[in-house]
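Let's take a walk through a protein model together, starting with the ligand and then moving on to some enclosed spaces. Have a look at it first.

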Amino acid sequence: MGAPGLQAVAAPFDAERVKREFPILARPVHGKPLVYLDNAATAQKPRAVIERLARYYEEENANVHRGVHLLSERATAAYEGARARVARFLGARDPREVIFVRGTTEAINLVAQTFGRARVGPGDEVLITGMEHHSNIVPWQMLCREKGATLRIVPVSDAGDIDLADLERLLGPRTRLLAIAHVSNALGTVNPVKEAVARAHAVGVPVLVDGAQGAPHLPVDVGDLGCDFYAFSGHKVYGPTGIGALWGRLELLEEMPPWQGGGDMILSVSFERTVYNRVPYKFEAGTPDMAGAAGLATALDWMAGLGPEALLAHERDLAGYAAEQLAAVPGARLVGTPRERAGVVSFVLKDVHPHDIGTILDREGVAIRTGHHCAQPLMSRFGLAATARASFAVYNTRADVDALVRGLEKVRRMLG
Ligand code: PLP
């Protein structure tokens, strides 16, 4: 117990200590210490997650839901325990609202192919924003093409923000769904999702939030956001690849038709008729990624152990510092200066092609991403084919940003 009258003060966030929990970050690249700034693409995995995967296969592996033997019970417990853990992470009322999928892409396709197919018809509209990842464009485009519906786009400002007045104007009597990124993977923009949901719900339009870049950086509470679907990928929240989750409002999930057919999604099958299983199993045909789910639960525990406020403050500081330092590099221009930023800074450097920036930085041990970031319509909006993007995680430090800036000096000397 602390001395009377003294408030407990959280220990300062020690990113260097956090970094030491990631074996891959200790490996040199081209003989240089690795500075990993490609976290928006995928985050590295802490030892706890790697060990959890090994333990699952060494001690628990069997197929879920089907066996009466001990290992099947253990595997089922790990898998269903992970579902409850994900529900807690998202602030969901009920674990049945969590469907395990491969990742955000699969989650969005699931909603498009079930909810979308049932609700969208000829002449209807689906509304998205101009900053969406291809995963939150193409499934809706495919659906609209199939149904004779129209995809409408909320424009993006020069700063990389959307205007809620535009959104309100575009929510029409034929709008059947709004699909919006929590955080833009290409610009780092934090969208005003809660306000967007309120606007959409005011005219009876359900909302899907693409949380691929929200879940790693921001506290997520689906009840507070008020949305109807929330999708995220395990591999971006320090979990394994191949696992992610779709959260959906129970009433909606219950009314939605199933997507893929197969084992586990049925209660009974005859050649004449199949009775589908209840939610969430109705949407989980076939053997799921049990090890991945267990690893994801461990990743979420691990993140929670860092303290969500400390994590948020650390990443805010990093993104702000990076934006400031990059803006000061001669010839560099930030692409997107949004009102609120999380985890990502995109930039271009005078006449240097972003791929050349990426290649030279790689020789310095600095890993960034260059290209269109699976957001080609957004790149076109800014008149660009590509940008260079640095994206941050809990283990990054201001020293990593300094290494990036030093690398850019080298790029300028070589090509500028
Ligand atoms: N949405 C956003 C905003 C993303 O950044 C990404 C991946 O980068 C995705 C969707 C797709 O995620 P995944 O490839 O894990 O399905």
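How do the residues of the shell around the ligand divide into nonpolar, polar and charged? They come out as two nonpolar, nine polar and two charged; here Ala, Val, Leu, Ile, Met, Phe, Trp, Tyr, Cys and Pro count as nonpolar, Asp, Glu, Lys and Arg as charged, and the others, Gly among them, as polar.

Before we go on, keep in mind that this is a predicted model, where local features need pLDDT of at least 70, side-chain atom pairs count only at pLDDT 80 or more, and totals for chains, interfaces and linings use all residues. Residues are numbered from 1 along each chain as its sequence is written, and side-chain values use heavy atoms, with hydrogens and water left out.

So who's in that shell? There are 13 residues around the ligand (each with a heavy atom within 4 Å of it), and the closest are T105, D210, Q213, S233 and K236. Zoom in on D210: one of its polar side-chain atoms is 2.5 Å from a ligand nitrogen. Q213 has a side-chain N or O atom 2.7 Å from an oxygen atom of the ligand, and for H235 the side-chain N or O atom is also 2.7 Å from a ligand oxygen. On its own the ligand would expose 390 Å², and the protein buries 85% of that (Shrake-Rupley method, 1.4 Å probe).

Now for the largest cavity, with about 50 Å³ of space. A cavity is a set of points on a 1 Å grid over the protein atoms alone where a 1.4 Å probe fits but cannot get out, and lining residues have an atom within 4 Å of a point; the volume is the space filled by probe spheres set on the points. Its lining includes V190, H217 and R316.

How values were computed. Polar contact = N/O pair within 3.5 Å; in protein donor to acceptor, adjacent residues only side chain to side chain. 1 Å grid on protein atoms, 1.4 Å probe; cavity = no way out; pocket = protein on both sides within 12 Å on 5 of 7 lines; lining within 4 Å.
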